Amino acid sequence: MVSDDQLLLSYKEGNAGAFEAFVHRYHGPLLGFLIRKLNDVSKAEDMTQETFIKLMWQVKSGDIPSQIKPWVYRVALNLCRDHWRSAGYRSEYCRDEMPDAVAQDTSVVEIYEKQETRKHIIAQLDHLSDVRKNIIILRFYQDLKLKEIADVMDLPVNTVKTHLYKGLKELKKSFEQKKGGSEHEQQFL
């Protein structure tokens, strides 16, 4: 498999297909991350595109980030922060439901259970501090390593570990308080 560095280096040398391959590799995970952060599919799609445009300009300027994956997520997270600070965000209303992808071979009961579990986990994540919520999402939903999360969050690795441990402990406590947490919730923790 071609590394991220090789793809961006090839793009820098004029191979547009290399950048398309990079976008294909990261589009789904990055979009999922932004949907979880924003609860708005349309806005998440816009920010995903904006993140890739920023990367494209970064590479074209001759400066390929040394840690590409953390760089991409850091840019996306900063775009979220800019959005939340904007006046437009304050005037928007929050949507209650996020659209869910549905697998073809899944039963209706399984889909319902997964959706309920997902809603509960997302609701519990909202009770965590922003730092802990971001670290848990990056670790378990985006599958970033602790060092990569530290780069994204601009925190020392040990601080990331501490926030991750304490965030998971808080989530576990909240699930224990909920009577009969579902099987999916127990698997998550």
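Angles of 65 to 115 degrees between two helix axes count as roughly perpendicular. This cut-off is used in one of the legends below, all of which describe a predicted model.

**Figure 1. Overview of the helices in the predicted model.** The secondary structure consists of 10 helices and zero strands. Read from the N terminus, the order of elements is α-α-α-α-α-α-α-α-α-α. The protein has 189 residues, and 37% of them count as buried. Among contacts with a separation of 6 or more, 61% come from residues 24 or more positions apart.

**Figure 2. Crossing of helices H8 and H9.** Helix H8 covers residues 146-153, and its axis comes within 9 Å of the axis of H9. The two axes cross at roughly 100°. H8 and H9 are therefore roughly perpendicular to each other. On the H8 side, the contact is made by Leu146, Lys147, Ile149 and Ala150. On the H9 side, Val157, Val160, Lys161 and Leu164 take part. Sorted by class, the residues of this contact are six nonpolar, two charged and no polar.

**Figure 3. Helix H9 and its two faces.** H9 runs over residues 157-177, which makes 21 residues. At 1.5 Å a residue the helix should span 30 Å, and its end C-alpha atoms are 30 Å apart, so the two values agree. Val160, His163, Leu164, Gly167, Leu171, Ser174 and Phe175 are the buried residues of H9. Viewed down the helix axis, these buried residues fall within an arc of 100°, so they line one face of H9. An α-helix has 3.6 residues a turn, so residues three or four places apart point the same way. The face of H9 turned away from the buried side carries exposed residues, namely Asn158, Tyr165, Lys169, Lys173, Glu176 and Gln177.

**Figure 4. Surroundings of Ile149 in helix H8.** Ile149 has a relative accessibility of 0% and therefore counts as buried. Apart from neighbours within four places in sequence, Ile149 is in contact with Ile135, Leu138, Arg139, Leu144 and Val160. Of these, Val160 is one of the H9 residues in the contact with H8, and Ile135 and Leu138 are among the buried residues of H7. Tyr73 is 76 residues away from Ile149 along the chain, yet their C-alpha atoms are separated by 8.7 Å.

**Figure 5. Helix H7 and the loop residue Asp143.** H7 spans residues 130-141 and has 12 residues. The length expected at 1.5 Å a residue is 16 Å, and the end C-alpha atoms are 15 Å apart, which agrees. Its buried residues are Arg132, Lys133, Asn134, Ile135, Ile136, Ile137 and Leu138. Just after H7 comes Asp143, with a positive phi of about 60°. Asp143 is a residue other than glycine and sits in the loop between H7 and H8. With 54% relative accessibility, Asp143 counts as exposed, because the cut-off for this class is over 50%.

**Figure 6. Lys37 and Asn39 at and after the end of helix H2.** H2 covers residues 16-38 and includes Lys37. Although a lysine, Lys37 counts as buried because its relative accessibility is 5%. Leaving out residues up to four places away in sequence, Lys37 touches Leu77, Cys80, Trp84, Asp130, Asn134 and Ile137. Two of these, Asn134 and Ile137, are listed among the buried residues of H7. Asn39 is placed in the loop between H2 and helix H3, which covers 41-60. Asn39 is not a glycine, but its phi is positive, at about 55°. Its relative accessibility is 28%, so Asn39 counts as partly exposed.

**Figure 7. Surroundings of Ala76 in helix H4.** H4 comprises residues 68-85. The relative accessible area of Ala76 is 0%, so this residue is buried. Not counting residues up to four places away in sequence, Ala76 touches Leu30, Phe33, Leu34 and Thr51. Lys54 is 22 residues from Ala76 in sequence, and the two are 9.8 Å apart from C-alpha to C-alpha.

Technical notes: Residues numbered from 1 in each chain as written. Predicted model: local features only at pLDDT ≥ 70, side-chain atom pairs only at ≥ 80, totals over all residues. Heavy atoms only, no water. Helix = DSSP H or I, 4+ residues; strand = E, 2+ residues; numbered from the N terminus. Expected span 1.5 Å × (residues − 1). Buried < 20%, exposed > 50% of the residue type's maximum accessible area, 1.4 Å probe, protein only. Arc of directions from axis to C-beta. Axes fitted to C-alpha atoms, helices over the stretch in contact; angles between N-to-C directions. Parallel < 35°, antiparallel > 145°, perpendicular 65-115°, else oblique. Contact = heavy atoms within 4.5 Å. Nonpolar A, V, L, I, M, F, W, Y, C, P; charged D, E, K, R; others polar.
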